[in-house]
Amino acid sequence: MRVFITRGIPQEGIDILISGGVEVDVFPHDRQPTKEEIIEGVRDADALISLLTDSIDAEVIDAGKNLKVIGNYAVGYNNIDVDYARKKGIVVVNTPGVLTDATADLTMALILAASRRVLEGDRFVREGKFRGWEPMLLLGLELNGAVLGIIGAGRIGQAVARRARAFGMKILYYSRTRKLEFESEINAEFADLDTLLGRSDIISVHVPLTAETRHLLGRREFEIVKPGAIIVNTSRGEVIDESALIDALKSGRVSAAALDVFYNEPYVNPELLSMRNVVLTPHIGSATRKTRVNMARMVCSDVLRVLRGEEPLNRVV
Ligand code: NAP
Ligand code: GLV
Ligand code: GLV
């Protein structure tokens with residue numbers, strides 16, 4: 001059995017495959033492989049471990065003549081044509097849960113950075129503009145008593161809500177299904193999308209990218225957000241119509257944004273780069289050492305299970 005991994009991942013995961021008697025072939029360069037290189041790697045592999053930056057489409061899947069399982073080193077799997085994999089009887093697994101806390105922590109960091117203008121303050125100091133404490137310097141939004149609107153109350157959305165609750169925020173949420181336990185646990189209130197947009201001081205997006213969630217926040221939505229709202233996105237760039245967000249930032253309807261994900265990564269729109277009230281991070285939601293090791297263990301164990309003919313724990317299809 002042979003596994004192709006499109007990039008080096010923590011050894012703790014690779015060791016699981018090796019002790020399972022699997023031959024491991026890791027893409028040897030410290031960069032994203034091209035499509036041709038993925039096709040080459042997958043050609044005689046029984047399993048593929050991919051990153052969210054790899055597009056695993058029908059052509060790649062077809063190239064893997066012996067392919068039995070695709071393990072995505074991520075919880076989001078919008079980079080994989082799962083319908084095609086299903087049709088071909090190829091199992092797809094991902095890494096849910098182990099990255100929830102890390103991603104929720106980063107979301108809180110973004111919420112705090114945007115609401116308290118941390119990066120503007122940092123720049124201000126570095127530019128030598130700090131002349132001492134001032135009554136009206138860099139005033140921001142106080143989290144205690146402010147309303148947080150969570151869009152997509154799954155694992156990460158709920159983990160963010162719990163953290164925000166500890167800061168004294170009022171939680172509104174919109175999701176496909178109501179979550180009664182979550183509502184009673186932290187006093188969260190279910191709202192339809194438009195109500196949430198109109199009432200939230202901060203809006204944080206946690207839905208997966210699917211055909212239904214693409215541009216979930218677009219021009220119409222930015223016209224009905226509460227004036228001065230802050231937008232936080234750690235889900236996928238395409239869930240937000242980026243040019244509509246940029247226009248809402250320009251008009252002031254949206255007062256600030258904090259983004260860990262972008263439309264066409266690694267491209268970042270120059271208009272976003274030029275705005276001081278926009279906080280930008282390079283898709284690092286799950287980027288803690290502990291989480292990345294756990295993701296590697298999780299995906300490698302599940303791939304091994306499938307190769308042994310066992311049922312995986314985190315099957316997507
Ligand atoms: P999850 O537990 O599946 O939560 C997603 C939630 O979105 C679910 O509760 C689901 O609804 C809701 N949802 C799905 N489609 C919807 C729709 N059309 N309208 C309204 N709600 C919808 O996933 P998760 O583990 O929290 O991860 C969420 C996403 O975060 C991932 O898919 C990934 O794209 C992103 N992510 C990013 C990073 C990063 O580095 N920035 C790290 C990890 C994950 P119901 O439960 O209500 O049915
Ligand atoms: C990261 O974005 C993930 O989906 O795991
Ligand atoms: C601020 O530093 C204060 O002491 O109020």
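Before we start, a sorting rule: Ala, Val, Leu, Ile, Met, Phe, Trp, Tyr, Cys and Pro count as nonpolar, Asp, Glu, Lys and Arg as charged, and the others, Gly among them, as polar. This is a predicted model, where local features need pLDDT of at least 70, side-chain atom pairs count only at pLDDT 80 or more, and totals for chains, interfaces and linings use all residues. Residues are numbered from 1 along each chain as its sequence is written, chains are lettered from A and ligands numbered from 1 in the order in which they are written, and side-chain values use heavy atoms, with hydrogens and water left out.

**Exercise 1. Find the residues around ligand 2 and sort them by class.**

Step 1: Look for residues near the ligand (one of their heavy atoms lies within 4 Å of it). You should land on Leu 52, Ala 74, Val 75, Gly 76, Leu 99, Arg 236 and His 283.

Step 2: Sort them, and you get four nonpolar, two polar and one charged.

Step 3: Now hunt for polar contacts (pairs of N or O atoms within 3.5 Å; within protein, one must be able to donate a hydrogen and the other to accept it, and residues adjacent in sequence count only if both atoms are side-chain atoms). Val 75 puts a backbone N or O atom 2.8 Å from an oxygen atom of ligand 2, and a polar backbone atom of Gly 76 is 2.8 Å from an oxygen atom of the ligand. Arg 236 uses a polar side-chain atom, again 2.8 Å from a ligand oxygen.

Step 4: Check the cover: ligand 2 alone exposes 200 Å², and the protein buries 87% of that (accessible areas come from the Shrake-Rupley method with a 1.4 Å probe; for residues, only the protein chains shown count as cover).

**Exercise 2. Do the job again for ligand 1.**

Step 1: Here 27 residues surround the ligand, and the closest are Ile 156, Ser 175, Thr 177, Lys 179 and Asp 260.

Step 2: By class, that shell holds eight nonpolar, 13 polar and six charged residues.

Step 3: Follow the backbone. Gly 154 has a polar backbone atom 3.1 Å from a ligand 1 oxygen, while for Arg 155 the distance is 2.9 Å. Thr 234 sits with a backbone N or O atom 2.9 Å from a nitrogen atom of ligand 1.

Step 4: On its own ligand 1 exposes 920 Å², of which the protein buries 89%.

**Exercise 3. Describe how domain 1 meets domain 2.**

Step 1: Set the bounds, which come from an automatic or database domain assignment: domain 1 is 2-98 + 288-307 and domain 2 is 100-280.

Step 2: Count contacts (heavy atoms within 4.5 Å): nine residues of domain 1 touch five of domain 2.

Step 3: Among the pairs between the domains, two residue pairs are in polar contact, both at pLDDT 80 or more. On the domain 1 side, the touching residues are four nonpolar, five polar and no charged.
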